[in-house]
Amino acid sequence: MEVQAADAASGDRIAAGQDLSVRVPATSANLGPGFDSLGMAVSLYDTVRVRTTDSDTVRVRVRGEGQDVLPTDETHLVARTIADTIRRAGFVAGGFELECENVIPHGRGLGSSASAIVSGVLAGNALLPASARLDAAGLLHACSALEGHPDNVAPALSGALAVSWEEAGVFRSIRAGVHPDIVPVVAIPATELSTESARGLLPAAVPHRDAAANSGRAALLMHAMTTDPSLLREATEDFLHQGYRAPAMAPSADLIRALRSEGYAAVVSGAGPTVMTLAPDADQARAAEEFISAYLDAHSGQNWRVLRLGVDQDGARVVLHHR
């Protein structure tokens with residue numbers, strides 16, 4: 001499908017003939033007690049390629065996740081974000097061709113919407129003249145403002161582990177290195193769960209003792225993730241969100257309980273329903289993978305995918321192609 005790109009009110013048109021790619025990793029937010037503040041990049045990647053043209057037409061092609069349901073015109077989230085980023089800088093996007101290779105599952109708690117937003121902002125920013133481009137802090141704020149929170153976009157941009165917060169209306173983040181022995185294992189169900197639906201189950205207030213306990217676990221989690229992975233099981237205990245969201249993803253909650261009862265550091269990935277186990281070494285990662293597969297076989301979990309991933313260290317990357 002082809003749709004005419006919307007005309008901007010003013011500004012110079014960006015140069016035609018530009019050609020670039022952006023690769024963005026999947027992310028897992030919260031990691032147990034780090035609700036709305038912690039996120040980690042993992043080795044699943046969405047890739048987009050953008051070519052600017054002389055026309056005013058936006059063409060989109062999608063392969064992989066969502067290829068039969070996502071729009072193929074300027075209303076596609078990545079295309080929309082590219083045009084918006086260019087417009088906010090005072091320029092006109094004009095026409096472009098966009099190819100999306102989607103690997104990150106949609107609606108599973110692995111940051112697919114954050115990946116799309118980061119892809120669009122980075123692509124749009126790279127298409128601008130150098131003098132008009134955002135710096136790293138500006139990119140983080142722009143992506144976080146569009147996503148609504150920074151916990152997924154921050155690790156997507158920086159790689160590794162990100163601690164994020166908002167201060168005086170500005171989104172900020174720091175990057176922390178993940179201990180090299182840690183191996184994420186994910187169990188991805190076939191069913192989706194929207195972040196909005198999951199967030200709607202959260203109470204307006206929690207008991208003070210739960211908040212205090214969660215604060216202690218979050219502090220311990222930073223130590224476990226960066227220095228001592230043997231503490232991951234204790235460090236990933238959550239008091240703020242997973243229990244309240246469990247009714248919306250009962251099979252995921254049951255799997256987490258089974259894993260944790262066996263000593264594994266299992267958590268809901270983001271808003272769910274993907275289950276992530278943070279293994280302290282490769283041996284426990286293999287054991288966790290075997291345990292999950294056996295559990296799913298015994299509980300009719302044929303539609304789940306179990307993947308052993310790596311921690312992405314690099315974050316999103318832009319590659320310029322020369323014609």
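Biologist: Which residue caps the N-terminal end of α10?

Modeller: Good place to start! Bear in mind that this is a predicted model. D281 is the cap: one of its side-chain oxygens lies 3.2 Å from the backbone nitrogen of D283.

Biologist: How many residues does α10 have, and what distance does it reach?

Modeller: Helix α10 runs over residues 282–298, which makes 17 residues. From first C-alpha to last it reaches 24 Å, close to the 24 Å expected at 1.5 Å a residue. Just after α10, S300 takes a positive phi of about 55 degrees.

Biologist: Which residues of α10 are buried, and where do they fall around its axis?

Modeller: Buried here means under 20% relative accessible area. A285, A288, E289, I292, Y295 and L296 are the buried ones. Look down the axis of α10 and they fall within an arc of 135 degrees, so they line one face of the helix. On the other side, D283, E290, D297 and A298 are exposed.

Biologist: And what covers the buried residues of α10?

Modeller: The cover includes strands β10 (183–188), β12 (275–279) and β13 (305–308), along with helix α9 (250–261).

Biologist: Let's turn to empty space. What is the volume of the largest pocket, and which residues lie nearest its centre?

Modeller: Rolling a probe the size of a water molecule over the atoms shows where empty space is left. In this model, the largest pocket has a volume of about 710 Å³. Its lining has 36 residues, with G111, S112, S113, E147 and T195 nearest the centre.

Biologist: Which element gives the most to that lining?

Modeller: That is α2, with five residues. Among the elements that each supply at least two are β3 (19–30), β4 (34–52) and α1 (77–88).

Definitions and conventions
Residues are numbered from 1 along each chain as its sequence is written. This is a predicted model: local features need pLDDT of at least 70, side-chain atom pairs count only at pLDDT 80 or more; totals for chains, interfaces and linings use all residues. Side-chain values use heavy atoms; hydrogens and water are left out. Helices (H or I, at least four residues) and strands (E, at least two) are DSSP runs, numbered from the N terminus. The expected span of a helix is 1.5 Å times one less than its number of residues. Buried means under 20% relative accessible area, exposed over 50%, partly exposed in between (1.4 Å probe, protein chains only). The arc is that of the directions from the helix axis to the C-beta atoms. Contact means heavy atoms within 4.5 Å. A polar contact is a pair of N or O atoms within 3.5 Å; within protein, one must be able to donate a hydrogen and the other to accept it, and residues adjacent in sequence count only if both atoms are side-chain atoms. On a 1 Å grid over the protein atoms alone, a cavity is a set of points where a 1.4 Å probe fits but cannot get out, and a pocket is an open set with protein on both sides within 12 Å along at least five of seven lines; lining residues have an atom within 4 Å of a point. Grid points are joined across faces, edges and corners, and a volume is the space filled by probe spheres set on the points.
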